[in-house]
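Dear colleague,

I am handing over a structure that you have not worked with before, and I would be glad if you looked through it alongside the notes below. The sequence and the coordinates come first, and what was found follows.

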Amino acid sequence: MWLQCTVEVFPIDIAIVCDPNRGGAGDTAANEEESVSQTPAHPELSDVDQSLSSSDAEEQPGNSVQMRFLFERKEHSKLYEKYMIREPEAVLRMILSYLEDKKGKPFGMAVDVGCGTGHSTRILAPYFEKVVGVDISESQIQEAESVISPSNVSYMIAKAEELPFEERSLDLVTASVAAHWFDLDKFSEEVNRVLKPSGCLAMYCLDLQFSLVYKDCSEKLTDVFNEAIYFLSNEYKDELSAISYTRYKNIFDALPFEDKTRVTDIYHKRQISIAALKGFVESLCLYQSYYLADPEAAQEFLQKLQGSLLKNTGESSTDTELEICNSYTCILACPSPKRNKGPGDETL
Ligand SMILES: C[S@@+](CC[C@H](N)C(=O)[O-])C[C@H]1O[C@@H](n2cnc3c(N)ncnc32)[C@H](O)[C@@H]1O
């Protein structure tokens, strides 16, 4: 089945075609994915990090206050590194080709903002001279540093709204499943400051709707899984899960750059075991919010989900492999045209 892959371009619209059965252009090895969402205002969260005073909290940008409680927990960072399902190659190729079109090769320095445990940073390494992953969370950066990285990759703790880079020093800024946490106005200003002329911004996320495929029970499995995600999103509703469901449309509309493109429906499929699928749900902020609010209920929810997946497949082993298909959205932008002349303009 061929599906339309929608591309919203400012100011014109174009469309490209993706085949979800072929996993788009990026049919990579089965790996992991990521999720999106923000913590609801649970009072229980105040137990997580007593060291964060209310005045500290007030200083945090955008949505980062509640997010910090989640991503600053080592348990969450470890789960995230292990189970989060990852973006397809197709997204990476789209970003590289956009950058090549706008700026041309060679590619100097890329910065991955909200890098988490570094997966979205490391995938850039073969294409850039230097890649830096930055994240507001110390726990995420520690986890990133514990993973073996190529020699041109490094990490640092920093906020998206105060990027510690020189003016016009970067070819590419990326944000993978992270931009919805940022103060977009401040982040955009920083992107505009640190990018070289014709340097590019890429922000992408996964959509929280999935298809599961297994023998003749695909429809039932898909319903069970999406209902579970919907339960978490609904019970633990927040603007971030809403953003994921709108596929970054609000971020795209609010992004103050004229030269911008939004590509939706970048489909990808991969194999995943039932155990890893359970781990994926566990690694989501949506689930972590639930867990922090009510650990027993959350664990029961997870067990029930796994039980229901097993029952519907008719299998007894959690190693049973299913196929999971979902889509990604990627916003690409090139903020250069309106900037004043300055260092780096020689590349224009
Ligand atoms: C869902 S994770 C994505 C991690 C990684 N990019 C990936 O694709 O696996 C979102 C990350 O954004 C980080 N983050 C949230 N707000 C931030 C901000 N204002 N500045 C920098 N990082 C931020 C969080 O700490 C978290 O690690």
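To begin with the ligand, helix α2 gives the most to the shell around it, with 3 residues. Please keep in mind while reading that this is a predicted model. The shell around the ligand holds 25 residues, and those that come nearest are Gly114, Gly116, Ala160, Ser176 and Trp181. Two elements, α2 (64-71) and α5 (119-122), give two or more residues to that shell. Sorted by class, the residues of the shell are 12 nonpolar, 9 polar and 4 charged.

For the protein as a whole, the secondary structure comes to 13 helices and 9 strands. The protein has 348 residues, of which 49% count as buried. If we take the contacts with a separation of 6 or more, 79% of them are accounted for by residues 24 or more positions apart.

Helix α3, which covers residues 74-83, shows how burial can be laid out along one element. Its buried residues are His76, Ser77, Leu79, Tyr80 and Tyr83. Seen down the axis of α3, these buried residues fall within an arc of 165°, and therefore they line one face of the helix. The face of α3 that is turned away from the buried side carries the exposed residues Lys74 and Glu75.

Among the strands, β4 (residues 130-135) and β5 (residues 153-157) run parallel and are joined by 5 bridges. Within this pairing, Val132 has Ser154 in β5 as its bridge partner. Together with helix α6, which spans residues 138-146, the strands β4 and β5 make a right-handed β-α-β unit.

Several points of the backbone deserve a separate look, and they are listed here by residue.

The peptide bond that joins Lys105 and Pro106 is cis, with an omega of about 0°. Pro106 itself belongs to the loop between α4 (89-102) and β3 (109-113).

Lys215 is not a glycine, yet its phi is positive, at about 40°. This residue is found in the loop between β7 (195-213) and α8 (218-235). Lys215 counts as exposed because it has 10 C-beta neighbours inside 10 Å, and the cut-off for an exposed residue is 12 or fewer.

Asp265 is likewise a residue other than glycine with a positive phi, in this case near 60°. Its place is in strand β8, which runs over residues 260-273. Is Asp265 buried or exposed? Asp265 is buried, because 20 other C-beta atoms lie within 10 Å, and a residue counts as buried when there are 20 or more.

The last residue to mention is Ser317, which lies in the loop between α13 (295-313) and β9 (321-333). With 11 C-beta neighbours inside 10 Å, Ser317 counts as exposed. Although Ser317 and Ile274 are 43 residues apart along the chain, their C-alpha atoms are separated by 8.2 Å.

If you would like a place to start, you could take the ligand first, with Gly114, Gly116, Ala160, Ser176 and Trp181 as the residues that come nearest, and then turn to α3, where the buried residues line one face.

With best wishes

Definitions and conventions. Residues are numbered from 1 along each chain as its sequence is written. This is a predicted model: local features need pLDDT of at least 70, side-chain atom pairs count only at pLDDT 80 or more; totals for chains, interfaces and linings use all residues. A residue is near a molecule or strand if its C-beta atom, placed from the backbone, lies within 6 Å of it. Helices (H or I, at least four residues) and strands (E, at least two) are DSSP runs, numbered from the N terminus. Ala, Val, Leu, Ile, Met, Phe, Trp, Tyr, Cys and Pro count as nonpolar, Asp, Glu, Lys and Arg as charged, and the others, Gly among them, as polar. The arc is that of the directions from the helix axis to the C-beta atoms. Two strands pair if DSSP finds at least two bridges between them. A crossover is right-handed if, with the strands pointing away from the viewer, the path from the first strand over the helix to the second runs clockwise. Two residues are in contact if their C-beta atoms, placed from the backbone, lie within 7 Å.
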